Amino acid sequence: MVERALARVADYRRLQEAGLICRSGDFFPSVHYPPITMYPPVEEETFFATYTPPQDGLFDVYAHIPFCRSRCLFCHYPVQLGERSAEKDRYLGALEREMDLSMQLLGLERIKARSVLVGGGTPTYLTLDQLARFLTFFSQRVDLSDCRQFNYDVDPVTLIGDEGLERLRLMRAHGVDRVTIGVQSLNEHVLKQMNRHHGIQETLEAVQNCRDLGFQVNIEFIFGYPGETLENWMEVMELAVSLDVEEIQLYRLKIEAYGDYQGPIKGLCSGKPERLPTLEETIMMKQMAIDLLAEHGYRENLRRVFSRERHHYSHYADNQCCGLLDQLGFGLTAFSSLRDRFALNTQNFDDYYAMIAAGKLPLNRGILRNLEEQMRWAIILPLKNRALWKSYFETVTGGVPFDQAFPAKFERLKEHGLIVEDDEKVELTPLGAFVADEVVQQFHAPEYSPYPAESYADGPLHPHRNWDRVPQAQIPAGQSS
Ligand SMILES: C[S@@+](CC[C@H](N)C(=O)[O-])C[C@H]1O[C@@H](n2cnc3c(N)ncnc32)[C@H](O)[C@@H]1O
Ligand code: SF4
């Protein structure tokens, strides 16, 4: 295992020299394209003026609850901390109103859900009454009769003891069938370093409760964190596989914010690199975890998420990233991805309340993609997360032939062993999957590259170079906006 991990480090260094990965070894998670925070301001009127709901009327629906017990030091999400019961009531009122405003604007009596995700923050960090209130007004507005999966992001503490069980039963009664538990680590020392509000025992109890109540369980971990060593990380992974959950998700620690809010971790580590595992160790942690998971039957299913069965994955993530299907988001920082456009809600609580009180959707940034950006989006998301189907690319771009989409880029990635192509699809190789964010960032327009040109070595895979802009002649009539 160590040998394979060392070979990955060598691959990584080679790809840095080729210009694929930035010199510092930092990374930028490709969650959407263009990257979420690079959007200009947008008004609700312009954004929705030319939008029509999908023909089957189905949406993947997201609701965001931005409250947490305490601040985890790695976290870059804007959240309010502590009990704050009155504030939570106020927020739930605004969220309910936001859903009504959106339904009015789209001319919908109810939103027909294909899948649901409630995320945060800690969306289970509500009193039982508040949780019941939320689930009731949510399911009054969202028709769940065609919903294939109802996901909830949870932390362990809210799921233990009698109250935790009650909370889980309430969620089950409202149709929730999959939970993602923020486990983060199963090492007490590392959990303390993270300022997590739970220890190992609470996590084990929470996982057991979720399994007993029949939820599909996904558990999330962070690697590359201060206090983690190759040895204790592998112990954590051994314990993780022994829990026998359906899915295990791995995140590399992101130190620089990738949204508007910078979490405390950067300040804690700046000038003190000795606190962190080295880049080599972090790469080895990832490769050794992949190998250990494979030994126990867990394979990467949707990117970063490992499962034993192919059908255990997040439908919400798959519909959005591979299906490229329309998705509506509600709440602070939530986003909506609607075919050829993308809107992001404000990250500021006061603005959120004020806009909703004024009868406006709390959007503040967004984009209507032109055809070139649509082509890039239709490559980046499916290629990163599972597979890029050529015929589907042509559908989503209104008929652009796949072989006219950045052919030089695809060739170069093939030469470097990062992708494989057949008549129907393009997929990442195991090496490409290991550096999936960087591979798909090859398809970013230079103005949307996560790092400036000088951050990369001047090699054949420098993401700002060799990019083929789309000649206007290729754009089918009516597709350019
Ligand atoms: C939106 S967060 C919410 C999780 C939930 N509130 C909890 O902590 O239990 C989703 C996941 O992203 C991961 N994550 C958050 N901040 C991160 C960071 N700075 N670097 C890497 N992963 C991070 C964590 O694994 C976290 O569980
Ligand atoms: S990691 Fe989760 S629990 Fe911790 S502050 Fe962030 S959103 Fe809250």
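**Exercise 1. A hairpin of two strands**

Which residue in E14 does Leu338 stand opposite? Describe the pairing of strands E13 and E14 in this predicted model, together with the turn between them.

*Solution.*
1. Leu338 stands opposite Arg341 in E14.
2. Strand E13 covers residues 335–338, and strand E14 covers residues 341–345. The two run antiparallel and are joined by four bridges.
3. Two residues lie between E13 and E14, which form a hairpin. Arg339, in the turn, has a positive phi of about 65 degrees.
4. In a regular strand, side chains alternate between the two faces of the sheet. In E13, Phe335 and Ser337 point one way, while Ser336 and Leu338 point the other way. These residues are all buried.

**Exercise 2. An open sheet and its helix**

Determine the order of strands E16, E17 and E18 in their sheet, and explain why one side of E16 and of E17 is left without a neighbour.

*Solution.*
1. The three strands form an open sheet in the order E16-E18-E17, with antiparallel pairing.
2. E16 (388–389) and E17 (419–421) are at the edges and have a single partner strand each, so each has one side without a neighbour in the sheet.
3. Helix H15, residues 407–415, packs on this sheet and touches E17 and E18. The direction of H15 makes about 115 degrees with that of E17.
4. Two bridges link E16 to E18, which spans residues 425–428. Across this antiparallel pair, Leu388 is opposite Val426 in E18.

**Exercise 3. The surroundings of two ligands**

Characterise the residues around ligand 1 and ligand 2 by class and by structural element.

*Solution.*
1. Ligand 1 is surrounded by 18 residues, the closest being Asp155, Gly182, Glu220, Tyr251 and Lys254.
2. Strands E4 (111–120), E7 (178–184) and E8 (216–223) are the elements that give two or more residues to this shell.
3. By class, the shell around ligand 1 has seven nonpolar, seven polar and four charged residues.
4. Around ligand 2 the residues include Cys68, Cys72 and Cys75, as well as Arg71, Gly120 and Gly121. Asp155 and Gly182 also belong to the shell of ligand 2, and both are listed among the closest residues to ligand 1.
5. The shell of ligand 2 has five nonpolar, four polar and two charged residues.

**Exercise 4. Backbone exceptions**

Identify cis peptide bonds and positive phi values in the model, and locate the residues concerned.

*Solution.*
1. Most residues other than glycine have a negative phi, and most peptide bonds are trans.
2. Tyr33 and Pro34 are joined by a cis peptide bond with omega of about -10 degrees. Pro34 lies in the loop between helix H1 (2–17) and helix H2 (44–49).
3. Gly120 and Gly121 are likewise joined by a cis peptide bond, with omega of about 20 degrees. Gly121 is in the loop between E4 and helix H4 (128–141), and both glycines are among the residues around ligand 2.
4. Gln184, in strand E7, has a positive phi of about 70 degrees. Gln184 counts as buried because 25 other C-beta atoms lie within 10 Å.
5. Thr333 has a phi near 65 degrees and lies in the loop between strand E12 (327–330) and E13. Thr333 is also buried, with 24 other C-beta atoms within 10 Å.

**Exercise 5. The overall fold**

Assess how compact the protein is from its radius of gyration.

*Solution.*
1. The protein contains 17 helices and 18 strands.
2. Its radius of gyration is 22 Å, close to the 23 Å given by the globule rule for 481 residues, so the protein is as compact as a globular protein of that length.
3. Buried residues make up 45% of the 481 residues.

Terms used. Residues numbered from 1 in each chain as written. Chains lettered and ligands numbered in written order. Predicted model: local features only at pLDDT ≥ 70, side-chain atom pairs only at ≥ 80, totals over all residues. Near = placed C-beta within 6 Å. Nonpolar A, V, L, I, M, F, W, Y, C, P; charged D, E, K, R; others polar. Buried ≥ 20, exposed ≤ 12 C-beta atoms within 10 Å, placed from the backbone. Pairing = 2+ DSSP bridges. Contact = placed C-beta atoms within 7 Å. Axes fitted to C-alpha atoms, helices over the stretch in contact; angles between N-to-C directions. Rg over C-alpha atoms; globule rule 2.2 N^0.38 Å.
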